[in-house]
Amino acid sequence: MEWAVLLLLPLALCALLYLLGRWLLGLDGDLTLLWAEWGGQRPENELPDKVVWVTGASSGIGEELAYQLAKIGALVVLSARRENELERVKQKCLEISNLSSKDILVLPLDLTDRSFHETATKIVLQHFGRIDILVNNGGRSQRSLFVDTKVDVYAAIMELNYLGTVSLTKHVLNHMVQREKGKIVTVSSVMGIMGAPLATGYCASKHALQGFFNSLRPELGEYPEIIITTICPGPVQSKIIHNVFTEDLSKPTDADVSYSQKKKA
Ligand SMILES: NC(=O)c1ccc[n+]([C@@H]2O[C@H](COP(=O)([O-])OP(=O)(O)OC[C@H]3O[C@@H](n4cnc5c(N)ncnc54)[C@H](OP(=O)(O)O)[C@@H]3O)[C@@H](O)[C@H]2O)c1
């Protein structure tokens, strides 16, 4: 009997370790995220009736986020440059949710046009009376070698991904400081933490965002209910590859062309 136990115990232990290994390898996230998923607040409890402003909502991650928010009853502000795409996203939000038209505000906005960001913030406040969450998601990546890339491209990437985000954050944060609460969520990237070839400017802009928000967070110590979060996704299938900056700014993307044609009309 004792021999049987001595034989079976290591086998049972091995089986347990094998199952634990399989479980760990299949995890989609780090342990902090899994802990939050298991014991944290649930979006469907926390987000109904919250006013969530999403930039880059005309495509990709921002578009999908808009659908998920609408489904659980958040009030959504959709921003990006292409108004027709935002209207398409709004229509789909209405089809898949119980929201009505006034619960979704389409607010076209160019992140590089910083002079409009204060007015844009006022438009949201006039419409909804508050901003609970700003999701800084709009941005573009890059695909070009440093040796081939004009310095203007680096300026444009920083203007969009970094300064555009900082500018909008500034105006929305003023409102959140007055209310003493709110959340600013910024979609950075895994490239905000590490480097990658063909993306020197993109990585630099995302590193800049990481540095900015990691420094802003402790500045807001007096406001414990203002939460600053940066998210660092790995590769996500979206239009990002079609919209990349290349070595020369004179090569516009499809989104650039459609936006400037609309602007001229
Ligand atoms: N996909 C990935 O693998 C991945 C990984 C990590 C992080 N991210 C980050 O996730 C965010 C969203 O990217 P995505 O993958 O969803 O790409 P996407 O499908 O190309 O979406 C980019 C969004 O940004 C908007 N945008 C671009 N230029 C803008 C401007 N000047 N002003 C305002 N909005 C502008 C675009 O709308 P308009 O063209 O209509 O303006 C679009 O809605 C980006 O910040 C990106 O860096 C993506």
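Among the contacts in this protein between residues at least 6 apart in sequence, 71% join residues that are at least 24 apart. The model in front of you is a predicted one, and its chain of 265 residues has 32% that count as buried. The protein contains 9 helices and 6 strands, and its C-alpha trace, followed along the principal axes, spans about 85 × 50 × 40 Å.

A good place to begin looking is the ligand, which has 32 residues around it, and of these G56, G60, R81, G139 and S238 come nearest. When the residues of this shell are sorted by class, 12 are nonpolar, 14 are polar and 6 are charged. Helix α4, which covers residues 60-71, provides the largest share of the shell, and that share amounts to 3 residues.

From the ligand we can follow helix α4 to another helix, α5, which is made of residues 83-96 and whose axis comes within 9 Å of the axis of α4, the two crossing at roughly 30 degrees. Because angles under 35 degrees count as roughly parallel, α4 is described as roughly parallel to α5. The crossing in which α4 passes α5 is right-handed. On the side of α4 the contact is made by E63, A66, Y67, A70 and K71, while α5 takes part through V89, K92, C93 and I96. If you sort the residues of this contact between α4 and α5 by class, you find 6 nonpolar residues and 3 charged ones, with no polar residue.

A single residue can also be followed through the fold, and I226, which is found in strand β6 (residues 226-231), serves as an example. Is I226 buried, exposed or partly exposed? I226 has 19 other C-beta atoms within 10 Å, and because a residue is buried if 20 or more such atoms lie within that distance and exposed if 12 or fewer do, I226 counts as partly exposed. Which residues does I226 touch once its neighbours within four places in sequence are left aside? With those neighbours set aside, I226 is in contact with M176, K181, G182 and L220. For another view of where I226 lies, consider Q126, which is 100 residues away from I226 along the chain, and whose C-alpha atom is separated from that of I226 by 21 Å.

Terms used. Residues are numbered from 1 along each chain as its sequence is written. This is a predicted model: local features need pLDDT of at least 70, side-chain atom pairs count only at pLDDT 80 or more; totals for chains, interfaces and linings use all residues. A residue is near a molecule or strand if its C-beta atom, placed from the backbone, lies within 6 Å of it. Helices (H or I, at least four residues) and strands (E, at least two) are DSSP runs, numbered from the N terminus. Ala, Val, Leu, Ile, Met, Phe, Trp, Tyr, Cys and Pro count as nonpolar, Asp, Glu, Lys and Arg as charged, and the others, Gly among them, as polar. Axes are lines fitted to C-alpha atoms, for helices over the stretch in contact, and angles run from 0 to 180 degrees between N-to-C directions. Angles under 35 degrees count as roughly parallel, over 145 as roughly antiparallel, 65 to 115 as roughly perpendicular and the rest as oblique. A crossing is left-handed if the near helix is turned anticlockwise from the far one by less than a right angle, and right-handed if clockwise. Two residues are in contact if their C-beta atoms, placed from the backbone, lie within 7 Å.
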